[in-house]
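Trainee: Could you pick out one part of this model and go over it closely? I would also like to know how it sits in the rest of the assembly.

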There are 4 protein chains.
Amino acid sequence: MARPIDTQRQKARRMHIIDAALTTFAQHGYHGASTAKICDQAGISSGTFFHYFPTKLNVLLAILKLGIDETRKFGAALENATDPLAAINCFISRTVSEAGDWRLPGFAQCVAGVMTIPEIADAVAEDEQLQRDLLIHWVARGISAGQFRSDLTAERITSWLLLFTNGFIDRVAVDSSFNTDQETQLLLHDTVQRFICN
Amino acid sequence: MARPIDTQRQKARRMHIIDAALTTFAQHGYHGASTAKICDQAGISSGTFFHYFPTKLNVLLAILKLGIDETRKFGAALENATDPLAAINCFISRTVSEAGDWRLPGFAQCVAGVMTIPEIADAVAEDEQLQRDLLIHWVARGISAGQFRSDLTAERITSWLLLFTNGFIDRVAVDSSFNTDQETQLLLHDTVQRFICN
Amino acid sequence: MARPIDTQRQKARRMHIIDAALTTFAQHGYHGASTAKICDQAGISSGTFFHYFPTKLNVLLAILKLGIDETRKFGAALENATDPLAAINCFISRTVSEAGDWRLPGFAQCVAGVMTIPEIADAVAEDEQLQRDLLIHWVARGISAGQFRSDLTAERITSWLLLFTNGFIDRVAVDSSFNTDQETQLLLHDTVQRFICN
Amino acid sequence: MARPIDTQRQKARRMHIIDAALTTFAQHGYHGASTAKICDQAGISSGTFFHYFPTKLNVLLAILKLGIDETRKFGAALENATDPLAAINCFISRTVSEAGDWRLPGFAQCVAGVMTIPEIADAVAEDEQLQRDLLIHWVARGISAGQFRSDLTAERITSWLLLFTNGFIDRVAVDSSFNTDQETQLLLHDTVQRFICN
DNA sequence: CATGAATGAGCATTCATTCAT
DNA sequence: TATGAATGAATGCTCATTCAT
């Protein structure tokens with residue numbers, strides 16, 4: 001008796017495991033997060049874990065994949081924007097607001113510690129490239145519109161925008177006096193705007 | 001009976017191991033850097049390794065300690081500076097130029113991945129605090145001198161300066177189009193100056 | 001309420017699984033043949049597998065049982081034979097011709113590797129005993145008829161006949177230059193006849 | 001302080017582990033012999049086990065290698081023989097007398113069960129080939145000397161000699177009424193001689 | 001001091017088996 | 001009756017650390 005609806009349950013369960021893994025990775029780092037800890041967190045047995053993911057590494061990759069997909073979706077949604085600065089601000093505040101999930105900064109550190117694994121490096125590079133492509137489009141448009149400074153290439157500016165967002169997330173992880181909401185304003189209006197505009 | 005000459009040799013050997021560990025941590029991450037790999041890199045036996053350091057974690061802590069000491073020394077050397085912006089720029093360019101040692105960005109990622117270990121978190125927090133103390137002093141002076149913007153507290157400005165430097169190092173690790181020398185200029189004159197000054 | 005037709009289907013399905021298991025055991029050995037592989041080979045789900053057999057071991061035992069049954073049947077069919085040597089040759093060539101199913105030699109190796117499991121050892125011993133009983137009868141008759149050598153007990157001769165057949169099957173598995181059809185002649189006329197006759 | 005004599009100890013220890021593994025493999029089969037059981041048998045820790053052998057499979061291969069080396073040595077020692085039949089008998093009785101170590105027949109079954117692993121198959125094939133090369137030389141000489149039957153190629157005869165020896169070892173494992181010493185005589189004088197001579 | 005063999009706790013992963021649907 | 005998701009015990013192997021020489 002085929003149970004076609006099970007695919008729903010499977011997807012949900014997969015997401016449940018991913019969620020638990022995200023928490024555990026954020027709390028303990030990649031190697032500190034034993035599969036046993038992840039399974040505890042998810043309330044499942046090790047067998048179930050490996051039923052859904054062939055390897056511990058693969059859960060991490062699945063999390064990264066999720067981020068990549070969201071980045072892609074967001075880029076598409078931004079396509080009908082008109083003002084370059086607004087588009088960029090929109091992208092940046094979205095990225096940065098993800099740090100509202102307290103696990104994100106910890107997860108970012110977890111990933112950093114594991115960039116020596118080629119598959120991870122590749123996934124991170126893919127995400128990075130997506131963000132670059134997305135941003136560079138709007139930066140270039142801002143430059144041609146005379147809205148942004150023209151002494152720097154769109155590429156260099158993009159690198160710096162990513163420096164700001166990633167540096168921001170790192171701050172959240174490390175600096176307890178760093179208030180996300182409050183500093184996001186500073187990021188958009190002072191750092192980005194001052195850096196990018198004429 | 002302690003022979004002072006031996007102390008010299010010991011110190012040199014200790015430093016040699018630290019250097020090898022730094023390389024290995026940068027290349028393989030904390031867990032990827034087995035003590036065996038570190039020993040290979042240092043050209044010593046595991047016995048010798050544990051003669052100089054009680055645990056693998058302690059080598060990492062020793063490396064961090066070295067950084068802390070240098071930060072402290074640098075802070076002291078800066079004490080007779082007169083111009084706040086110059087002092088800050090000096091600090092920042094020193095920090096950032098350390099990334100000239102290719103191992104630093106990799107090591108920074110290694111440390112990020114292991115921040116869940118309390119001793120590491122403490123050491124990093126100590127370094128962070130030192131850098132804060134050092135910077136905040138000059139930022140406050142720049143504000144009172146009317147040289148810097150006064151709409152933000154010295155503390156917030158300092159957080160952002162650290163965001164820039166750490167974000168910069170992260171960029172070096174992740175972004176191959178990011179040229180250290182060239183971007184350092186941008187960091188000092190555009191990012192910092194635009195952010196900090198009136 | 002049992003429907004006799006179902007029993008047919010069940011039996012067929014059971015045989016189908018046994019056949020798939022035989023193939024898989026021959027190809028991968030007992031431990032290399034995971035239940036998953038067997039199910040794949042049979043085109044069924046693991047649930048179905050365990051519906052027909054309580055454990056993996058039981059499929060193997062079922063295969064052995066099949067062999068035992070056939071041996072028994074063959075022994076009965078041989079009962080009206082008249083010439084001892086012909087009867088023995090008949091038995092041997094039947095046994096050996098089973099190696100025409102390419103899976104048999106592999107399966108024999110599979111079983112050898114698992115003789116440390118008491119239930120397997122018992123089943124193999126039962127088959128062995130059956131073959132012994134069958135052969136010893138004709139060997140004894142050949143001896144009393146003065147047709148066979150009388151310097152050896154019927155039991156020892158029988159052991160050697162089994163040595164020849166099992167050794168033959170092992171050869172097929174191991175020695176690619178060993179041509180079944182051709183060597184069967186040699187087995188019957190040279191090895192067995194030279195060994196057994198006056 | 002270099003301890004050059006340790007190589008002796010290492011070799012001894014390696015052999016000790018090999019010996020324990022041989023026992024355990026013979027008693028429990030390859031998969032039934034967990035590394036834990038082997039370590040217990042050897043009186044060592046798992047760490048030590050893997051210090052000497054990278055893989056469980058490798059101990060098995062090491063045992064096979066030992067057999068191969070001995071076959072090679074034996075072949076060399078046989079080189080100055082003069083009588084082909086005597087040389088062949090000498091080889092066969094050596095091979096067969098190894099079954100005096102009660103573990104050998106069990107180990108042979110263990111290996112049979114694991115022939116699906118390519119590395120094992122290769123090692124067994126190498127041993128087989130060595131034995132073939134060794135025997136075929138004397139068989140060919142016996143044929144040209146008119147001492148042996150000439151209706152079969154030397155190769156076929158050799159295959160049959162190996163059938164006899166391997167079948168013999170299998171018998172020892174399976175047939176409790178099969179007395180090694182007594183049957184060896186039968187092997188040499190009746191089976192081999194009757195098969196091989198004119 | 002230096003060495004590297006020995007240790008054993010810890011971990012990712014496999015797989016036969018169960019059972020709700 | 002058939003399914004396949006869920007289970008968890010068992011296993012091979014890694015690696016930081018100890019200690020006799």
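Mentor: What follows takes one short helix first and then works outward from it.

This is a predicted model, in which local features need pLDDT of at least 70 and side-chain atom pairs count only at pLDDT 80 or more, while totals for chains, interfaces and linings use all residues. Residues are numbered from 1 along each chain as its sequence is written, and chains are lettered from A and ligands numbered from 1 in the order in which they are written.

The part is helix 2 (35-42) of chain C. Helices (H or I, at least four residues) and strands (E, at least two) are DSSP runs, numbered from the N terminus. In helix 2 of chain C the buried residues are C:Ile38, C:Cys39 and C:Ala42. A residue is buried if 20 or more other C-beta atoms lie within 10 Å of its own, exposed if 12 or fewer, and partly exposed in between, with C-beta atoms placed from the backbone. Viewed down the helix axis, these buried residues fall within an arc of 100° (taken over the directions from the axis to the C-beta atoms), so they line one face of the helix. An α-helix has 3.6 residues a turn, so residues three or four places apart point the same way. C:Ala36 and C:Asp40 are the exposed residues on the face turned away from the buried side. Just after the helix, C:Gly43 has a positive phi of about 70°.

Helix 2 of chain C is also one of the elements that each supply at least two residues of the surface near DNA strand E. A residue counts as near a strand if its C-beta atom, placed from the backbone, lies within 6 Å of it. Helix 3 of chain C is on that list too, as are helix 1 (6-32) and helix 3 of chain D. In total, 35 residues surround DNA strand E, with A:Ser34, B:Gly47, C:Thr55, D:Gly47 and D:Thr48 the closest. By class, this surface has eight nonpolar, 21 polar and six charged residues. Here Ala, Val, Leu, Ile, Met, Phe, Trp, Tyr, Cys and Pro count as nonpolar, Asp, Glu, Lys and Arg as charged, and the others, Gly among them, as polar.

DNA strand F is likewise surrounded by 35 residues, the closest being A:Gly47, A:Thr48, B:Thr35, B:Thr55 and C:Gly47. From chain C, helix 1 (4-32) and helix 3 (46-52) are among the suppliers of at least two residues each on that side. The surface near DNA strand F has eight nonpolar, 20 polar and seven charged residues.

Chain C touches chain D through a contact that takes 31 residues from each chain. Two residues are in contact if their C-beta atoms, placed from the backbone, lie within 7 Å. On the side of chain D, helix 1, helix 6 (103-112), helix 8 (154-174) and helix 9 (180-196) give two or more residues each. Helix 8 of chain D has the largest share, 10 residues. That side of chain D divides into 11 nonpolar, 13 polar and seven charged residues.

The largest nonpolar core has 109 residues, and C:Phe25, C:Leu161, D:Phe25 and D:Leu161 touch the most other members. A nonpolar core is a set of buried Ala, Val, Leu, Ile, Met, Phe, Trp, Tyr and Cys residues joined through C-beta atoms within 7 Å. Beyond its neighbours within four places in sequence, C:Phe25 contacts C:Tyr30, C:Ala33, C:Leu60, C:Phe107 and C:Cys110. A second, separate core of 108 residues includes A:Leu104, A:Leu187, B:Ala33 and B:Phe168.

The contact between chain A and chain B takes 31 residues from each. A rotation of 179° with 0.0 Å of shift along its axis superposes chain A on chain B (RMSD 0.1 Å); the fit is by least squares on the C-alpha atoms of residues with pLDDT of at least 70 in both. The two copies are thus related as by a two-fold rotation axis. They use the same surface, with 100% of the contact residues of chain A recurring in chain B.

Chain A and chain C have no contact, their closest C-alpha atoms lying 12 Å apart. Chain A and chain D do not touch either, and their nearest C-alpha atoms are 21 Å apart.
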